[in-house]
Amino acid sequence: RMASASILRRFSSTFAKHLDAEVEHAASTTATWKRISLFVALPVIGLCTLNTIKKEREHHAHGRSDFVPYPHLRIRNKPFPWKDGNHSLFHNSHANALPDGYEE
């Protein structure tokens, strides 16, 4: 009985030391990742956002391409089950052509 109590005390004190070290390590790791998030991730997200805005403005400046009636595109074997049957469910009249060309 005495030996088991001694082993249990030794084990519990060793476990407590490891637990304290783990908590200290977790606190420093949390602080490191918080700094990385604030000083690296947020500026990178901001730069990516600015780049995307710039590229989209350039993209919209040149307009859409001319319609070319390729025979393998916009095939309608049967009408869509909504509206007039010729427009897809998420049809965009500026970006999506119908079989005979753009609507506008």
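## Exercises on a predicted model

L38 lies in helix 1, and the structure that you are looking at is a predicted model.

**Exercise 1.** Decide whether L38 is buried, partly exposed or exposed, and find the surface patch that includes L38.

*Solution.* Begin with the relative accessibility of L38, which is 46%. A residue is called buried under 20%, exposed over 50%, and partly exposed in between. L38 therefore counts as partly exposed. Next, look at the nonpolar surface patch of about 820 Å², which L38 makes together with W33, I36, F39, V40, L42, V44 and I45.

**Exercise 2.** Work out where R74 and K83 are placed, what is notable about their phi angles, and how each is classed by accessibility.

*Solution.* First find R74 in the segment after helix 1, the helix that covers 2–61; K83 is likewise placed in the segment after helix 1. Then turn to the backbone: phi of R74 is near 55°, a positive value in a residue other than glycine, and K83, although not a glycine either, has a positive phi of about 45°. Finally, use accessibility: R74, at 24%, counts as partly exposed, whereas K83 is exposed, because its relative accessible area is 80%.

**Exercise 3.** Locate S13, class its accessibility, and state what separation its C-alpha atom has from that of P79.

*Solution.* Start in helix 1, where S13 is found. With a relative accessible area of 35%, S13 is partly exposed. Then take P79, which is 66 residues apart from S13 along the chain, and note that the C-alpha atoms of these two residues are separated by 76 Å.

Notes
Residues numbered from 1 in each chain as written. Predicted model: local features only at pLDDT ≥ 70, side-chain atom pairs only at ≥ 80, totals over all residues. Heavy atoms only, no water. Helix = DSSP H or I, 4+ residues; strand = E, 2+ residues; numbered from the N terminus. Buried < 20%, exposed > 50% of the residue type's maximum accessible area, 1.4 Å probe, protein only. Patch = residues over 30% accessible without salt bridge, like charges linked within 9 Å, V, L, I, M, F, W, Y side chains within 5 Å. Areas by Shrake-Rupley, 256 points an atom, 1.4 Å probe, with all protein chains shown as cover. Salt bridge = Lys/Arg side-chain N within 4 Å of Asp/Glu carboxyl O.
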